[in-house]
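Thanks for coming, everyone. Please have the sequence and the model open while I talk.

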Amino acid sequence: MLNKKIKLTFLALFLLASGAHAQIGEHRNDLAIGVNGGYVLSNIGFTPKVNQGMHTGFTGGISARYVSEKYFSTICSIYAELNYANIGWKEDIKNMDGSAFIDKTTGNPQEYTRSLTYIQLPVFAHLAWGREVKGCNFFLNLGPQFGFLMSESTKTNFTVTPDYEKNGYAEGRAFKHVAQDTMKVENKFDYGIAAGIGMEYSNSKLGHFLIEARYYYGLGNIYGDSKRDYFSKSNIGNIVLKATYLFDITRTKGTSRK
């Protein structure tokens, strides 16, 4: 049932992207490339639940946009990025009363962060309303994103052993689940849906400057999700705040635009 929903979701996104590319309105043939960079706030949707704060990291890479048409007031494009991204999760380890959980061997509040380095490929239908050449427009990005795990690292100040819970080291913890602290990521390939909104300023000589807020919801899990696996769900979720600069490679000739 889940696989069917995933296939239907990607089909809908593909049709949306195809619709953005179809030449029904005023023809455009604009190609721009550039760079992007920003800040990522991420976590993992664990079931059973693991209490977390937000893992913070950097994302950056190259961008490309092809504008195919202007349909009434909507500027229709295909937009893609190839990014390096540092994401992961940061555990918020608390007592039942909400205070910091103190490690019984060190006497310090426990801390745990897992950082995951991905190469990511989002492909969007990019729809904009406003100025094309000189001035500002508002835009919407929507489409699939694919990722591949390159490396992972852990930063912690306590040691988890196989008998961690049995020997009472987790006694008083609000969330006692610690299996994820020693498990390496099992599924390196990631996929999901991303959506973003933003503003663009364009200048015929300087190029295009974009700022965007984006949300990504992973449809895959980083760990196995069968009945014999520890977690039934372990998908990636993140919020991205980024800026992009694009410069024109080709521009439509013989068309009057604002």
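**A walk round the barrel**

Start with one pair of residues: glycine 37 has glycine 60 in β2 as its bridge partner. Keep in mind that this is a predicted model.

That pair belongs to a longer seam. β1 and β2 run antiparallel, and 15 bridges join them. For orientation, β1 covers residues 26-47 and β2 covers 55-71.

Now the whole chain. There are 258 residues, and 44% of them count as buried. The chain has one helix and eight strands. Along the sequence, the pattern reads α-β-β-β-β-β-β-β-β.

What do the eight strands close into? They make a barrel, ordered β1-β2-β3-β4-β5-β6-β7-β8, with antiparallel pairing. From one strand to the next, the twist averages 20°.

A word on strands in general. Strands of a sheet pair through backbone hydrogen bonds, and the pairing can be parallel or antiparallel.

Where does β1 meet β8? Look at glycine 45, whose bridge partner in β8 is asparagine 235. β1 and β8 are antiparallel as well, paired over 17 bridges.

Move on to β5 and β6. Strand β6 takes in residues 189-203, and β5 pairs with it over 14 bridges, again in the antiparallel sense. One place to look is cysteine 136, which stands opposite tyrosine 201 in β6.

How do contacts spread along the sequence? Take the contacts in the chain with a separation of 6 or more. Residues 24 or more positions apart account for 74% of those.

Next, the empty space. In general, rolling a probe the size of a water molecule over the atoms shows where empty space is left.

How many cavities of 30 Å³ or more does a search of the whole structure find? The count is three. The largest cavity has a volume of about 210 Å³. Its lining is made of 21 residues; nearest the centre lie Asp30, Arg65, Val67, Glu132 and His208. Five elements give two or more residues each to that lining: β1, β2, β3, β4 and β6. By class, the lining of the largest cavity has eight charged, seven polar and six nonpolar residues.

The second largest cavity holds about 80 Å³ of space. It is lined by 13 residues, and Gln120, Gln145, Arg214, Asn238 and Val240 lie nearest its centre. Which strands supply at least two residues each to this lining? They are β3, β7 (207-218) and β8 (233-250). β3 gives the most, with four residues. The classes in the lining of the second largest cavity are five nonpolar, five polar and three charged.

Last stop: the pockets. The largest pocket has a volume of about 240 Å³. It has 14 lining residues, and nearest its centre are Lys90, Glu91, Glu111, Tyr112 and Thr113. β3 (74-91), β4 (112-130) and β5 (135-156) each supply at least two residues of the lining. Six residues in the lining of the largest pocket are charged, four are polar and four are nonpolar.

To recap, eight strands close into an antiparallel barrel. β1 pairs with β2 over 15 bridges and with β8 over 17. The largest cavity is about 210 Å³, and the largest pocket is about 240 Å³. That is my tour.

Note on methods: Residues are numbered from 1 along each chain as its sequence is written. This is a predicted model: local features need pLDDT of at least 70, side-chain atom pairs count only at pLDDT 80 or more; totals for chains, interfaces and linings use all residues. Side-chain values use heavy atoms; hydrogens and water are left out. On a 1 Å grid over the protein atoms alone, a cavity is a set of points where a 1.4 Å probe fits but cannot get out, and a pocket is an open set with protein on both sides within 12 Å along at least five of seven lines; lining residues have an atom within 4 Å of a point. Grid points are joined across faces, edges and corners, and a volume is the space filled by probe spheres set on the points. Ala, Val, Leu, Ile, Met, Phe, Trp, Tyr, Cys and Pro count as nonpolar, Asp, Glu, Lys and Arg as charged, and the others, Gly among them, as polar. Two strands pair if DSSP finds at least two bridges between them. Axes are lines fitted to C-alpha atoms, for helices over the stretch in contact, and angles run from 0 to 180 degrees between N-to-C directions. Buried means under 20% relative accessible area, exposed over 50%, partly exposed in between (1.4 Å probe, protein chains only). Contact means heavy atoms within 4.5 Å.
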